[in-house]
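Thanks for coming. I will talk about aromatic rings today, and then about charges that sit over them. Here is the model.

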Amino acid sequence: MDLLRWISIDIVPLLHYGIVSLLVITPSCIESYPVEPRDFDRAMVVEGYFTDEAKAHKVKLSYTREVGDLNNKPLENAEVWVEGSDGSRIVFSEIRPGYYETDSSVFGRSGISYQLRIKLPSGSQYTSSPQRLLDSPPIDSIYHKYKELIVVPEQPVYPGIQFFVSTHDPFDQAKHYRYEWEETYEIRPPFPSIYEFFDDPDTVYLRREQIHICYTTEYSNDIILGSTSSLVNNQLTGLNIRYITNQTDHLKYAYSLLVKQYSISNSAYIFYRNLLDRNENAGSLFDVQLGALIGNIKSLTNEEEVVLGMFEVAGTSSQRTFLKFENLDSRFPSPEDKFPCALGQIDTVIEKGPPPPYGISDSLAYYVKTRGYEVVEALYCDSTRLIDESCPFYMRALVAPKYCADCRFRGTTQKPKFWIY
């Protein structure tokens, strides 16, 4: 998952509006990152990352905006690059206003320090503090347990499954971690459509593509942190990663959870902790009266200029787990369906009255083409379209809304390459 999905969920949710939540932070004696109560009309915001993964790395440049202003304020036409302590230079190209990316084959190297450089059309220059890329140790395990937790205050507590992660660094290098998860699960509509509707005349045919099983993928939106800095054995055990109740259908059939672990610097860890702490305050994180949460970016041309955001350098590792509903704790009840569903019956009748051939009513076409229903099952009464007392209809169809009959409403029929079931 790309970092700009969360540290940018455009940092607009994270920094501008503070829509983030902390799942777990292990105890630590680290001091807080400075919050400077400066007055300013507008500040530059830098969001970006650089890892040891071979992929397109991203940086977003923008300006702060007033509370309630939903329009992004991109910073365009900047020169953006990363310098390594080994003399390397990695260029970021602007792919759209304010968004800069590297080539997809670029990656960082363990033990090398990297810092971001920015030059604006005005001549102003900025840099991040150097950060050494630390290897992320392998994740020891991902496991789950039955839990009943409060998800929303003053709301019912539902049965759930809590996923945990454990890790340790045998070389005693990595001490601060950030986590992301990516989940993929099966979707099976309760009334899968077997037939496809065609009009002129109203008729149905067996589907050539089966639409009873699909797959969908969702990503974490929370900042999840862990630290072993206050622990003797540098081992992180039982970190809460993902909690799923039976009020969703994620675990109804088959499920996979991919956990990504980022070994981050001390300064990045402090920044995210303070960002989460600031999220508890009302209003925007950039309200002048609350002060500015300063990251690791500074101006080289104006030492008084406020620059917000964080450029993160991190090593990565990951692990994936699979499970089916029948493998879960027996106390976990069958998950609820995503939507309430029911079948409807439509009789497509032959309009009486001479002369033959008789016309066919358009009721089925109305439900399929206008109301978005799908044909679950169909029965022809008389293919000759003659009507008598024993054949009161031409075709009887059972229909259901698309979200109850077509798994493509929420996913794709293309099975992921990593899927084991």
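F322 has a relative accessible area of 23%, so it counts as partly exposed. This is a predicted model, so please keep that in mind throughout.

Now to the partner of that ring. F322 pairs with Y421, with ring centres 6.1 Å apart and planes at 90 degrees, so the pair is edge-to-face. The cut-off for that label is over 60 degrees. Where in the chain do F322 and Y421 lie? F322 is in strand β21, residues 307-324, while Y421 belongs to the segment after α4, which covers 402-405. The pair therefore ties together parts that are 99 residues apart in sequence. Y421 is also partly exposed, at a relative accessible area of 29%.

Which residues form one aromatic cluster with these two? Y215, F418 and W419 join F322 and Y421 there.

Next, the count. The structure holds 18 aromatic pairs. One of them is F198 with Y205, again edge-to-face, at 5.4 Å centre to centre and 70 degrees between the planes. Are F198 and Y205 buried or exposed? Neither: F198 has 37% relative accessibility, so it counts as partly exposed. Y205 is at 49% and is partly exposed as well; the exposed class begins over 50%.

Last, the charges over rings. R42 lies over the face of Y63, and the distance from the ring centre is 3.7 Å. R178 does likewise with Y262, at 4.2 Å from the ring centre.

That is what I have on the rings.

Definitions and conventions:
Residues numbered from 1 in each chain as written. Predicted model: local features only at pLDDT ≥ 70, side-chain atom pairs only at ≥ 80, totals over all residues. Heavy atoms only, no water. Phe/Tyr/Trp six-rings, centres within 6.5 Å; stacked < 30°, edge-to-face > 60°. Buried < 20%, exposed > 50% of the residue type's maximum accessible area, 1.4 Å probe, protein only. Helix = DSSP H or I, 4+ residues; strand = E, 2+ residues; numbered from the N terminus. Lys NZ or Arg CZ within 6 Å of the ring centre and 35° of its normal.
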